[in-house]
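Trainee: I have this file open and want to go through its empty spaces. Can you take me through them?
Mentor: Fine, put it up.

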Amino acid sequence: MTEISQLSPRLLWQFFDTLCSIPHPSGHEAAVRQWITDWAQDRGLTVVQDTVGNLIIRKAATPGMEKRQGVILQAHMDMVPQANADTDHDFTTDPIQPYIDGDWVRARGTTLGADNGIGLAGCLAVLADEKVQHGPLEVLLTIDEESGMTGAFGLEPGMLQGSILLNTDSEQDGDVYMGCAGGVDANITLPYQAESVPAQHQAMRLNVKGLRGGHSGINIHQGRASANKLLAELLSDVAEQQMIRLSEVSGGTLRNAIAREASALLTLPADAVGVLTELVARRQLQYQQEFNGIDDFITLELVPAELPTRVMSSSLQQKLSAALLACPHGVMAMSRDMEGVVQSSTNLGVIGTEPEHIHVQCLIRSLSDAGRDRVAAMTAAVFRLAGAHCQFDGAYPGWQPDPDSKVMQLLLNTHKELFGVVPDVKVIHAGLECGLFKATYPDWDMVSFGPTIQGAHSPDERVHIEAVSRFWQLLVRVLRQIPEA
């Protein structure tokens with residue numbers, strides 16, 4: 001146990017501390033799923049694992065509350081794996097190292113996994129704490145939410161009996177969510193056309209680093225820089241200097257995280273080094289001024305590198321740099337119905353170079369299917385002009401708000417009883433699993449809430465300690481006040 005296990009509510013934090021000790025990035029949930037299964041079975045709880053790997057844990061109602069409506073308490077088991085460049089961390093084998101930083105809990109050099117580990121810990125604490133009063137209870141723990149929503153996609157009809165779903169995957173204390181964006185992945189490949197490295201060339205690596213990054217939905221409207229888009233501007237500059245050749249390009253690691261770092265391997269004659277250095281210095285000054293107060297630590301650096309065995313053809317270099325520069329990124333439209341809410345956005349999340357091709361991955365989000373498809377068509381058009389193949393995968397629907405939701409009204413009233421204020425009702429520009437659940441269980445009454453988590457999907461991730469306490473109080477009180485069926 002680490003120091004966070006002594007925080008309050010003690011049981012929730014102890015579960016979160018344990019979760020930090022078990023590696024569970026997306027696609028590698030087996031160990032944490034087995035630990036949860038063993039723990040629940042040891043307590044005499046019914047545990048079902050479905051065909052895709054989700055867990056459903058059932059707990060009987062508190063005596064006297066058997067006639068209450070059935071509740072599904074829901075979280076996901078995976079976390080986003082992101083580490084600082086100077087942090088040596090294998091997310092499949094190494095534990096997260098949480099620590100207390102004033103009013104917050106952080107991790108050393110990596111994402112913390114409070115998204116959605118705090119919600120998951122809250123679900124387990126409800127199962128463990130016999131003082132928590134509730135009606136018939138099912139806890140649904142899904143897999144792979146962060147990288148593809150595989151668990152939500154695979155949830156079958158008839159697996160759950162409850163009628164109310166409490167999703168714990170929101171990240172702002174004092175806000176309650178009743179809708180979310182849908183999305184789709186754009187997977188783009190461009191054949192690598194190679195040429196020999198010109199004679200008398202030397203190699204330099206151009207690095208873009210020091211950016212804040214962040215969640216590609218929640219933070220997309222805040223004006224944070226994308227390392228991939230900055231690199232695209234630099235490559236456009238480079239493309240004008242015909243003596244400088246591009247060998248490889250890479251940036252970002254996840255399609256749902258704003259890219260924090262990117263790099264390009266270049267070759268050039270010795271007499272062009274000064275031109276490149278001046279070009280980079282000019283962009284460095286521009287970015288310092290442009291992103292002042294938003295991304296204050298953007299760093300562009302040129303370092304000598306080992307000479308590669310190939311460079312891209314001049315045609316490919318021109319097409320790729322143009323496509324990356326033109327690729328849509330950021331907010332595409334704001335909602336006309338909800339002030340301040342993003343309607344559609346897209347994130348140029350990943351760029352990579354393979355032996356046979358360059359690959360690019362974008363995540364497109366929208367509150368409407370039409371908005372999603374419009375941005376997807378723009379993205380495809382840009383890259384097809386460059387000769388790329390564009391495939392769209394994993395489309396999922398948004399969660400349309402229900403103004404007549406009874407559980408929403410219950411949660412608003414309960415929040416006011418506990419804390420004296422009515423929370424803000426919002427729609428989140430992120431892909432909660434609720435939209436997929438609604439497609440399979442259309443009669444569920446759903447709401448999403450959670451504690452304040454900042455910097456999700458980046459090593460800056462932190463969770464507010466007092467907000468976790470309020471989240472627990474609200475969760476316990478809402479479960480106690482669920483009405484009869």
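Mentor: We will go through pockets, cavities, one sheet and one residue, in that order, and keep in mind that this is a predicted model.

Trainee: Why roll a probe over the atoms at all?
Mentor: Rolling a probe the size of a water molecule over them shows where empty space is left.

Trainee: OK, so how much space lies in the largest pocket?
Mentor: The largest pocket holds about 660 Å³ of space.

Trainee: Which residues lie nearest its centre?
Mentor: Gln 172, Tyr 177, Ile 218, His 221 and Gln 222 lie nearest the centre of the largest pocket, out of 31 residues in its lining.

Trainee: And which strand gives the most to that lining?
Mentor: Strand 22 gives the most to the lining of the largest pocket, namely four residues. Strand 8 (175-180), strand 22 (424-428) and strand 24 (453-454) each supply at least two.

Trainee: How does the lining of the largest pocket split by class?
Mentor: There are 12 nonpolar, 11 polar and eight charged residues in the lining of the largest pocket.

Trainee: Next one down. What volume does the second largest pocket have?
Mentor: The volume of the second largest pocket is about 330 Å³. Its lining has 21 residues, and Met 334, Ser 335, Gln 343, Ser 344 and Ser 368 are the closest to its centre.

Trainee: Where does the largest share of that lining come from?
Mentor: From helix 8, with five residues. Helix 8 (369-385), strand 18 (330-334) and strand 19 (342-353) each supply at least two residues to the lining of the second largest pocket. By class, that lining has 12 nonpolar, six polar and three charged residues.

Trainee: Now the closed spaces. How many cavities of 30 Å³ or more does the structure hold?
Mentor: Three. The largest cavity has a volume of about 160 Å³.

Trainee: What lines the largest cavity?
Mentor: The largest cavity is lined by 18 residues, and those nearest its centre are Glu 145, Glu 146, His 215, Arg 365 and Gly 431. Its lining counts seven nonpolar, four polar and seven charged residues.

Trainee: And the second largest cavity, what is its volume?
Mentor: About 70 Å³. The residues that line the second largest cavity include Gln 172, Asp 173, His 415, Phe 449 and Arg 470.

Trainee: Gln 172 again?
Mentor: Yes. Gln 172 is among the residues nearest the centre of the largest pocket, and Gln 172 also lines the second largest cavity.

Trainee: Which helix gives the most there?
Mentor: Helix 11, with three residues in the lining of the second largest cavity. Strand 8, helix 9 (406-419) and helix 11 (465-480) each supply at least two.

Trainee: Change of topic: sheets. What is the order of the open sheet of four strands?
Mentor: The order is 4-5-25-24, with antiparallel pairing. Strand 4 (98-101) and strand 24 are at the edges with a single partner strand each, so one side of each has no neighbour in the sheet.

Trainee: How many bridges join strand 4 and strand 5?
Mentor: Strand 4 and strand 5 (residues 104-107) pair over four bridges, in the antiparallel sense. Tyr 99 stands opposite Arg 106 in strand 5.

Trainee: Last thing, Val 275. Where does it lie?
Mentor: Val 275 lies in helix 6 (residues 273-290). C-alpha to C-alpha, Val 275 and Ile 244 are 9.7 Å apart in space, and they are 31 residues apart in sequence.

Trainee: Why is Val 275 called partly exposed?
Mentor: Because its relative accessible area is 33%, and partly exposed covers the range between under 20% for buried and over 50% for exposed.

Note on methods:
Residues numbered from 1 in each chain as written. Predicted model: local features only at pLDDT ≥ 70, side-chain atom pairs only at ≥ 80, totals over all residues. Heavy atoms only, no water. Buried < 20%, exposed > 50% of the residue type's maximum accessible area, 1.4 Å probe, protein only. 1 Å grid on protein atoms, 1.4 Å probe; cavity = no way out; pocket = protein on both sides within 12 Å on 5 of 7 lines; lining within 4 Å. Points joined across faces, edges and corners; volume = space filled by probe spheres on them. Nonpolar A, V, L, I, M, F, W, Y, C, P; charged D, E, K, R; others polar. Pairing = 2+ DSSP bridges.
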